[in-house]
Amino acid sequence: MAGRFAPRPTRTTVRGGEVAVPTAPAASAGHAPHSGLPRQAAGPARVRRWVPDGPLDVGLVLGPLRRGPGDPTFRATPDGSVWRTAQTPAGPGTLRVRRYDGEVAGEAWGPGAEWLLERLPQLLGGADDPDAFVPRHRVVALARHRRPGLRLTRTGLVLESLIPSVLEQKVTTDEAYRAWRRLVRRFGEPAPGPAGAGERPMWVMPSARTWALIPSWEWHRAGVDDKRASTILRAVRVAARLEQAVEMSPDEARARLEVVPGIGPWTSAEVVQRSHGAADAVTVGDLHLPGIVGWVLAGDRHADDAEMLRLLEPYAGQRHRAARLILLSGNAPARRAPKMPRVDIGLL
């Protein structure tokens with residue numbers, strides 16, 4: 001039954017990193033259909049093709065990199081492509097990823113194009129080992145069966161996950177997404193290649209130096225309080241040291257991140273899940289996740305972090321993957337309390 005009817009996306013499944021990518025129309029590898037973004041005559045794309053060794057769902061793999069439906073650094077287009085921009089060590093770059101029959105085609109533009117294409121397999125979960133996961137609950141097993149193409153991305157970039165994660169601390173996702181959109185569009189740069197043109201251009205997030213130079217009133221206008229802004233400013237001052245953490249193990253990387261005041265276990269886990277593809281970096285300190293995990297695995301909507309970790313213990317080494325599958329199952333307790341109030345300090 002699961003193979004015939006795909007479950008309707010819910011608020012919980014979207015939180016699990018699910019991005020709806022339209023089914024790509026048939027096309028030859030050398031003649032891709034129009035992507036929905038304008039082509040530019042100058043600056044031809046660099047191209048790489050890669051054949052994954054198993055099922056691959058591009059929307060699921062790259063979904064955690066999107067920060068809300070209006071993220072200016074991420075877009076899914078009607079031709080089945082996923083576009084993302086990145087501030088790489090070689091400079092800004094734009095990457096377009098699209099599945100063809102049995103293979104993935106990556107096109108990239110800008111100074112960071114070669115860097116992005118070199119790491120294309122890792123970005124799409126090529127270094128991940130989904131077969132290492134053994135489901136121990138029927139809901140988890142069903143979620144895995146329905147989404148065989150789930151792999152854990154590894155971006156190899158720390159700051160691009162760290163800054164939006166700090167913006168998400170202690171506020172609603174709508175507030176965090178709004179701040180991210182405003183700051184990237186205000187201080188970032190147009191995406192290289194076709195994505196940077198048209199009515200809805202994409203943007204590359206600011207460099208570390210640019211983040212450090214954002215004046216206090218611009219943080220305020222974006223709705224970012226002093227605590228989160230100060231955390232970001234402290235982080236970008238040691239950006240080079242933090243980016244070196246991609247060569248460390250996830251635990252060592254988290255320890256380095258948490259040296260920065262304002263970065264705790266919640267934020268460091270959210271970062272290494274994306275930068276390292278850390279299969280065991282379960283998020284603690286989250287407002288909703290313990291209750292969802294507790295509800296699915298034990299019928300306990302009031303589970304706290306300690307109880308969540310106890311329930312996930314059978315998945316040691318794969319706890320983050322288990323949590324993602326639980327979110328992607330769409331199962332969650334009914335809300336019994338009002339939503340967290342939204343406070344826009346930019347209007348004060």
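**Buried helix, aromatic pairs and nonpolar core**

Helix H14 buries Leu289, Pro290, Gly291, Ile292, Val293, Gly294, Val296 and Leu297. That is 8 of the 10 residues in the helix (residues 289–298), so H14 is largely enclosed by the rest of the structure. The model is predicted. Aromatic pairs and a nonpolar core are covered below.

**After helix H14**
- Gly299 comes just after H14. Its phi is positive, at about 70 degrees.

**Aromatic pairs**
- The whole structure was searched for aromatic pairs, and 4 were found.
- One of them joins Trp83 and Trp109. The two rings are stacked, 5.5 Å centre to centre, with 15 degrees between the planes.
- Trp83 belongs to strand S3 (residues 82–88) and Trp109 to strand S5 (residues 103–109), so their pair ties together parts that are 26 residues apart in sequence.
- Both Trp83 and Trp109 are buried.
- Trp180 and Trp211 also pair. Their ring centres are 6.3 Å apart and their planes meet at 15 degrees, so this pair counts as stacked.
- Trp180 sits in helix H7 (residues 173–187), while Trp211 sits in helix H8 (residues 208–212). The pair therefore ties together parts that are 31 residues apart in sequence.
- Trp180 has a relative accessible area of 3%. The cut-off for buried is under 20%, so Trp180 is buried.
- Trp211 is buried too, at 0% relative accessibility.
- Trp219 joins Trp180 and Trp211 in one aromatic cluster.

**Charge over a ring**
- Arg186 lies over the face of Phe187. The distance to the ring centre is 5.0 Å.

**Nonpolar core**
- The largest nonpolar core holds 35 residues.
- Leu162, Ile163, Leu183, Trp211, Trp219, Val224 and Leu257 have the most contacts inside this core. Two of these names, Trp211 and Trp219, also appear in the aromatic cluster.
- Several helices each supply at least two residues of the core. They are H6 (159–167), H7, H10 (226–237), H11 (239–243), H12 (250–257) and H13 (265–275).
- What does Leu162 touch, not counting residues up to four places away in sequence? Its contacts are Ala235, Leu242, Leu257, Ile263, Thr267 and Val271.
- Among these contacts of Leu162, Leu257 is also listed with the most contacts inside the core.

Definitions and conventions: Residues numbered from 1 in each chain as written. Predicted model: local features only at pLDDT ≥ 70, side-chain atom pairs only at ≥ 80, totals over all residues. Heavy atoms only, no water. Phe/Tyr/Trp six-rings, centres within 6.5 Å; stacked < 30°, edge-to-face > 60°. Helix = DSSP H or I, 4+ residues; strand = E, 2+ residues; numbered from the N terminus. Buried < 20%, exposed > 50% of the residue type's maximum accessible area, 1.4 Å probe, protein only. Lys NZ or Arg CZ within 6 Å of the ring centre and 35° of its normal. Core = buried A, V, L, I, M, F, W, Y, C linked by side-chain atoms within 4.5 Å. Contact = heavy atoms within 4.5 Å.
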